[in-house]
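Reader: Could you take me on a close look at one helix in this model, and at how the parts around it fit together? I would enjoy one connected walk-through rather than a list.

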Amino acid sequence: EQPALHVLCRSLAQLDSVLEAGVRSIYVEFHDIRQYREAVAKAHAVQARIYLTTLRIQKPGEMGLFRALAKQGADGWLVRNLAAARYA
C-alpha cells in the first residue's frame with residue numbers, strides 16, 4: 001500500500017496552493033469558521049476529501065459550533081475534544 005499525504009491548511013490561500021499541487025486529502029483549521037463553506041466547495045470541486053477540525057478546548061456555550069460544522073458538508077472531522085466526539 002502506498003503512503004498517503006494529508007495536509008493541514010490554516011488559510012484559504014494555503015488550501016488553494018495544496019489543491020493546485022494535487023493534494024486530495026486535506027484538513028482545515030480556520031480562525032473564522034464561516035470560511036469552511038468556501039473551503040469545502042473548493043475541495044469538492046476538484047474531488048478532494050476535506051475534513052474540518054474541531055476546537056481543541058470546548059467551552060460552555062460553544063456547542064452551536066458543532067452544528068455549524070455539521071452543516072458544511074465536509075467529508076468528516078478531525079475531533080480534538082470529548083465534547084466533539086460525543087456530538088459526532
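**Helix α2 and its surroundings**

Author: Happily! The buried residues of α2 make their contacts with α1, β2, β3 and α3, the last of these spanning 64-70. Please keep in mind that this is a predicted model.

Let us begin with the helix itself. Its buried positions include Tyr36, Ala39, Val40 and Ala43. Viewed down the axis of α2, the buried residues fall within an arc of 100°, so they line one face of the helix. The general background is that an α-helix has 3.6 residues a turn, so residues three or four places apart point the same way. On the face of α2 turned away from the buried side sit Arg37 and Ala45, which are exposed.

Now for what lies beneath. α2 lies across β2 and β3, and runs at about 160° to β3. These two strands belong to an open sheet of four, ordered β1-β2-β3-β4, with parallel pairing. At the edges are β1 and β4 (76-78), each of which pairs on one side only. On average, neighbouring strands in this sheet are turned by 35° against each other, with direction ignored.

The strands beside α2 can be followed one pair at a time. Three bridges connect β1 with β2, and the two run parallel. To get from β1 to β2 the chain passes through α1, in a β-α-β crossover that is right-handed. One of the pairings here sets Val7 against its bridge partner Ile26 in β2. Next, β2 and β3 are paired over four bridges, again in the parallel sense. Here the chain goes from β2 through α2 to β3, and this β-α-β crossover is right-handed too. Ser25 stands opposite Arg49 in β3, while Ile26 has Ile50 of β3 as its bridge partner. The other helix named above, α1, also packs on the sheet: α1 touches β1 and β2, and its direction makes about 150° with that of β1.

Helices and strands come together in the largest nonpolar core, which has 18 residues. Cys9, Leu15, Val18, Ile26 and Val28 have the most contacts inside this core. At least two core residues come from each of β1 (7-9), α1 (12-20), β2 (25-28), α2 (36-45) and β3 (49-53). Val28 is a good place to zoom in: leaving out residues up to four places away in sequence, Val28 touches Leu8, Cys9, Leu15, Tyr36, Ile50, Tyr51, Leu52 and Thr53. Tyr36 in that list is one of the buried residues of α2.

Next, consider the far end of the helix. Just after α2 comes Gln47, with a positive phi of about 60°. As a general rule, most residues other than glycine have a negative phi. Gln47 sits in the loop between α2 and β3, and Gln47 is exposed, with a relative accessible area of 63%.

Finally, a look at α3, another of the elements that the buried residues of α2 pack against. Phe66 has its place in α3. Phe66 is buried, with a relative accessible area of 1%. Apart from neighbours within four places in sequence, Phe66 is in contact with Thr54, Gln58, Trp77, Asn81, Ala83, Ala84 and Tyr87. Phe66 and Trp77 are eleven residues apart along the chain, and their C-alpha atoms are separated by 10 Å.

Note on methods: Residues numbered from 1 in each chain as written. Predicted model: local features only at pLDDT ≥ 70, side-chain atom pairs only at ≥ 80, totals over all residues. Heavy atoms only, no water. Core = buried A, V, L, I, M, F, W, Y, C linked by side-chain atoms within 4.5 Å. Buried < 20%, exposed > 50% of the residue type's maximum accessible area, 1.4 Å probe, protein only. Contact = heavy atoms within 4.5 Å. Arc of directions from axis to C-beta. Pairing = 2+ DSSP bridges. Right-handed = clockwise from strand over helix to strand, strands pointing away. Axes fitted to C-alpha atoms, helices over the stretch in contact; angles between N-to-C directions.
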